[in-house]
Amino acid sequence: MNASRIALRRLTPSARCHLISFDRRAISGSRWSLLTSQTHNIRPAVAPSNDLTSRVSRNLTVETSVAKYPPWTPPVKGILSKLPLSLVPYAELSRIEKPGGLYGFYMAYLIGLSYGACLATPGPGFILLAGTAAKLLVYNVFLRGAACTVNDILDRDYDRQVARCRTRPVARGAVTPSQAYVWYGLQTLGAGAAIATLPNPLTMLAYAIPIQLVVSLYPLGKRFTDFPQLILSAPIAGGVLMAAAAIGVDPFVTPATAAATASLFMSHYIWTTIFDYVNACQDTADDIKAGVRSMAVLYQNTDAFISVMGAAQVGCLIATGVLAGFSPIYFIGAAGGNALWLAAMVKTVKRSRPDICGWWFAWGGLLVSGTTVLALLAEYVGGPRGVDKHVEEADADN
């Protein structure tokens with residue numbers, strides 16, 4: 001043990017306060033002494049070493065992390081507090097108390113439904129759209145829950161090193177990996193049951209199997225690539241295609257329609273990448289220490305990342321409207337609305353403010369993708385194609 005650490009331990013708390021009165025000119029020297037205090041009888045000592053300083057800094061960081069993310073305690077409010085204590089860890093695995101991720105999954109399906117409604121001739125009724133949306137919501141609750149569960153299983157060693165994640169059920173030992181795998185299997189069965197209630201369940205299954213597979217393997221990407229967000233974005237954006245097919249629409253029926261669909265898919269793919277990037281910005285420092293790889297670690301400039309990716313996302317939305325022949329209603333709502341939300345993200349997202357990053361993850365999926373959904377529904381109801389469809393339907397009834 002070096003002399004500086006021994007000397008520092010001999011100081012009383014009040015004496016340590018006198019460290020601030022060191023002569024600045026002596027700091028750069030190899031040896032320097034504490035000011036003599038008759039009251040506290042302070043003994044001369046050498047300056048704290050760099051090793052000691054770094055240890056103090058790390059301790060302060062740990063104390064700050066503990067204050068921000070305190071140890072787990074039984075929930076006393078919210079939906080988790082209504083459950084038996086034995087079921088709370090399983091509910092936490094599914095993140096039922098944090099709907100932000102569910103918005104991130106589910107909004108792709110609402111975009112696909114509203115987009116499919118714009119393409120369909122005759123257009124589907126609102127009862128069909130609402131019923132299909134409800135069934136897809138149930139499917140997404142199970143899908144997202146299973147994805148979060150397997151993420152916690154595979155990332156348990158990483159989670160113990162990340163302040164925000166160390167109280168997750170598997171990481172803290174409330175659930176064993178085997179128990180979590182059983183819960184994952186049950187949720188996967190639930191997702192399959194929800195699919196069985198949809199029209200053309202075999203077609204839906206053809207979409208759902210690769211979606212389930214890729215979201216389950218996504219956590220492994222953090223070990224082998226700096227771009228795990230690009231892996232996760234694909235199955236989530238696949239919901240756009242699955243939802244359109246759920247109401248009997250072939251989104252690739254013509255070359256122009258196929259191009260419009262591909263652009264819409266890419267728009268949501270890019271948005272999901274931004275969405276998960278911002279979420280990962282909460283943990284960048286811990287991720288670096290734990291060896292977690294991600295685009296948030298690779299690309300430190302959040303303004304540039306969101307600006308470039310956001311411009312690409314809005315560009316894809318514009319291309320979708322042009323190729324599909326949509327009206328200004330769509331362009332103003334979808335492209336214009338998304339551009340405004342993304343500009344707000346560029347302005348507000350900062351790594352030094354993980355609370356703001358967390359807010360965007362909690363609400364960004366609902367706000368940004370919800371704007372696209374509303375624009376597509378407005379196009380369906382009030383756009384020229386929508387008006388023509390309603391006239392055709394009225395003529396057919398007569």
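Start by selecting serine 114: with a relative accessibility of 2%, this residue counts as buried. Keep in mind as you click along that the model is predicted.

**Stop 1: around serine 114**

Colour helix α6, since serine 114 sits in that helix. Now show the side chain and look for its polar atom: the backbone oxygen of isoleucine 111 is 3.1 Å away from it. Next, add Val373, Leu376 and Leu377, which serine 114 contacts once its neighbours within four places in sequence are set aside.

**Stop 2: the nonpolar cores**

Stay in this region and select Tyr109, Leu113, Leu136, Tyr139 and Met242. These are the residues with the most contacts inside the largest nonpolar core, which has 48 residues. Helix α6, residues 100–119, supplies the largest share of this core, with twelve residues.

Which residues does tyrosine 139 touch, beyond those up to four places away in sequence? Select Tyr109, Ala191, Ala194, Ile195, Ala208, Ile211 and Met242 to see them. Then move to a second core, separate from this one, with 26 residues; Ala237, Ile274, Val278 and Met345 are among them.

**Stop 3: salt bridges**

The whole structure contains twelve salt bridges. Pick aspartate 152 and arginine 168, whose closest N and O atoms are 3.7 Å apart in a salt bridge. Aspartate 152 belongs to helix α7 (residues 126–154) and arginine 168 to the loop between α8 (156–159) and α9 (169–172), so this pair ties together parts 16 residues apart in sequence.

Are these two partners buried or exposed? Both aspartate 152 and arginine 168 are buried, the latter at 15% relative accessibility. Keep arginine 168 selected and add aspartate 159: they also form a salt bridge, with 3.6 Å between the closest N and O atoms. Aspartate 159 is buried too, with a relative accessible area of 4%.

For another pair, go to lysine 350 and aspartate 303, a salt bridge with its closest N and O atoms 3.8 Å apart. Here distant parts of the chain are linked: lysine 350 is in the loop between α18 (328–348) and α19 (354–382), aspartate 303 is in helix α17 (residues 302–324), and 47 residues separate them. Lysine 350 is partly exposed at 32% relative accessible area, and aspartate 303 is partly exposed at 30%. Before leaving, select Arg95, Asp152, Asp159 and Arg168 together, as salt bridges with shared partners join them into one network.

**Stop 4: aromatic rings**

There are 15 aromatic pairs in the structure. Show phenylalanine 126 and tyrosine 380: their ring centres are 5.7 Å apart and their planes meet at 70°, so the pair is edge-to-face. With phenylalanine 126 in helix α7 and tyrosine 380 in helix α19, the pair ties together parts 254 residues apart in sequence. Phenylalanine 126 is exposed, at 51% relative accessible area, whereas tyrosine 380 is buried at 2%.

Now compare phenylalanine 275 and phenylalanine 361, where the centres are 4.6 Å apart and the planes at 25°, so the rings are stacked. This pair links helix α14 (residues 255–280), home of phenylalanine 275, to helix α19, home of phenylalanine 361, across 86 residues. Phenylalanine 275 is buried at 7%, while phenylalanine 361 is partly exposed at 21%.

Two last selections round things off. Tyr115, Phe326, Tyr330 and Phe331 make up one aromatic cluster. Finally, centre on tryptophan 72 and look over its face for arginine 172, 4.0 Å from the ring centre.

Notes:
Residues are numbered from 1 along each chain as its sequence is written. This is a predicted model: local features need pLDDT of at least 70, side-chain atom pairs count only at pLDDT 80 or more; totals for chains, interfaces and linings use all residues. Side-chain values use heavy atoms; hydrogens and water are left out. A nonpolar core is a set of buried Ala, Val, Leu, Ile, Met, Phe, Trp, Tyr and Cys residues joined through side-chain atoms within 4.5 Å. Buried means under 20% relative accessible area, exposed over 50%, partly exposed in between (1.4 Å probe, protein chains only). Helices (H or I, at least four residues) and strands (E, at least two) are DSSP runs, numbered from the N terminus. Contact means heavy atoms within 4.5 Å. A polar contact is a pair of N or O atoms within 3.5 Å; within protein, one must be able to donate a hydrogen and the other to accept it, and residues adjacent in sequence count only if both atoms are side-chain atoms. A salt bridge is a side-chain nitrogen of Lys or Arg within 4 Å of a carboxyl oxygen of Asp or Glu. Rings of Phe, Tyr and Trp (its six-membered ring) pair if their centres lie within 6.5 Å; planes under 30 degrees apart count as stacked, over 60 as edge-to-face and the rest as tilted. A charge sits over a ring if NZ of Lys or CZ of Arg is within 6 Å of the ring centre and within 35 degrees of the ring normal.
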